[in-house]
Amino acid sequence: MAEILIVEDEPSINELIRRNLSLTGHHCTQAFDGLSAAKLLENGSFDLVVLDIMLPGADGYQVFERAFGTPTIFLTAKSELTDKLKGLAMGADDYLTKPFQMLELAARVEAVLRRTKKVEAEFMIGDLKCDFDRHQVFLNGTAVECTPKEYELLEVLIRNRNIALSRERLLNMVWGYDFDGGTRTVDVHIQRLRHKLHLENFIRTVYKLGYRLEV
């Protein structure tokens, strides 16, 4: 679990980000203007900042200068190349332009946390332990052999736990956009994970959509 500061002046967007990142296990603090965000950064400790640029009080660039090296993803309606270059040149870790998909933001959050070593090293669900550093899975303390794709699919489900993922999304995240096979591949691998890792009560089928790891 990471401590994440969300700085976004639009309440509905701020809350949407908070809910989705909270579902994946992170603890989120909300700020709705630049000045309050700067105070939170001065008085608190965060693993990541999701930071809008166009803010009342102080803009995102000014807030970023007060972030004291905290990993930051700029989130903004500005799409001009100069704005992106400015943010990245200042040292931001990533840049996402509105409108955006929450799954993409969640993936970018996990990528930044992984690079900065702020993600969990392992995850427990029932009698199953997933060791992310070693890419190994243990059931009741005994290592279980998984194919590379089975492990990747499991990690994607864990990283996006409690979020419904479509079969198409899972196919793209695990097998890639250029994979020639159909979504039936996802169904087959899900069934293998359920049986092999005793996850029948945790990997839920989302009707007419896909799957969700429910924890």
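Me: Which exposed residues sit on the face of α2 turned away from its buried side?
Reply: Leu35, Lys39 and Asn43 do. Exposed means over 50% relative accessible area, buried under 20%, and partly exposed in between (1.4 Å probe, protein chains only). By the way, this is a predicted model: local features need pLDDT of at least 70, side-chain atom pairs pLDDT 80 or more, while totals for chains, interfaces and linings use all residues. Residues are numbered from 1 along each chain as its sequence is written, and side-chain values use heavy atoms, without hydrogens and water.

Me: What makes people say the buried residues of α2 line one face of the helix?
Reply: Start with who they are: Gly34, Ala37, Ala38 and Leu41 are buried in α2, which runs over residues 34–43. Look down the axis of α2 and these buried residues fall within an arc of 100 degrees, so they line one face. The arc uses directions from the helix axis to the C-beta atoms.

Me: And what covers the buried residues of α2?
Reply: The cover includes strands β1 (3–7), β2 (27–31) and β3 (48–52), plus helix α3. Helices (H or I, at least four residues) and strands (E, at least two) are DSSP runs, numbered from the N terminus.

Me: How do you know whether Thr76 is buried or exposed?
Reply: Its relative accessible area is 0%, and buried takes anything under 20%, so Thr76 counts as buried. Thr76 is part of strand β4, residues 72–76. Skip the neighbours within four places in sequence, and Thr76 is in contact (heavy atoms within 4.5 Å) with Asp52, Ile53, Tyr95, Leu96, Thr97 and Lys98.

Me: Is Glu110 buried or exposed, and how do you know?
Reply: Glu110 has a relative accessible area of 8%, so it is buried. You'll find Glu110 in helix α5, residues 102–115. From Glu110 to Leu171 is 61 residues in sequence and 18 Å in space, C-alpha to C-alpha.

Me: What makes Phe68 stand out in its phi?
Reply: Phe68 isn't a glycine, but its phi is positive, near 50 degrees. Most residues other than glycine have a negative phi, and most peptide bonds are trans. Phe68 sits in the loop between α3 (60–65) and β4, and at 61% relative accessible area it is exposed.

Me: What about His135, which also isn't a glycine?
Reply: Here phi is about 55 degrees, a positive value again. His135 is in the loop between β7 and β8. With 52% relative accessibility, His135 counts as exposed.

Me: Which peptide bond is cis, and what is its omega?
Reply: The one from Lys98 to Pro99, with omega near -10 degrees. Pro99 is in the loop between β5 (94–97) and α5.

Me: Why is Tyr151 put in its accessibility class?
Reply: Tyr151 has 5% relative accessibility, so it counts as buried. Tyr151 belongs to helix α6. Beyond its neighbours within four places in sequence, Tyr151 is in contact with Cys130, Asp131, Phe132, His135, Gln136, Val137 and Cys146.

Me: Why is α7 called parallel, perpendicular, antiparallel or oblique to α8?
Reply: Helix α7 (residues 167–174) and helix α8 (residues 184–196) pack at an angle of about 85 degrees, with axes 9 Å apart. That makes α7 roughly perpendicular to α8, because this class spans 65 to 115 degrees; under 35 is roughly parallel, over 145 roughly antiparallel, the rest oblique. Axes are lines fitted to C-alpha atoms, for helices over the stretch in contact, and angles between N-to-C directions run from 0 to 180 degrees. Arg167, Leu170 and Leu171 of α7 make the contact with Thr185, Val186 and Asp187 of α8.

Me: Which residues of α7 are buried?
Reply: Arg167, Leu170, Leu171 and Val174. Down the axis of α7 they fall within an arc of 100 degrees, so they line one face of the helix. Their cover includes α6, β10 (165–166), α8 and β12. Just after α7, Gly176 has a positive phi of about 95 degrees.

Me: How many residues has the largest nonpolar core?
Reply: It has 28, and those with the most contacts inside it are Leu153, Leu154, Leu157, Leu170, Leu197 and Ile203. Such a core is a set of buried Ala, Val, Leu, Ile, Met, Phe, Trp, Tyr and Cys residues joined through side-chain atoms within 4.5 Å. Helix α6 gives the largest share of this core, 6 residues. Leu197, leaving out neighbours within four places in sequence, is in contact with Leu128, Val137, Leu139, Val144, Cys146, Leu154 and Arg192.
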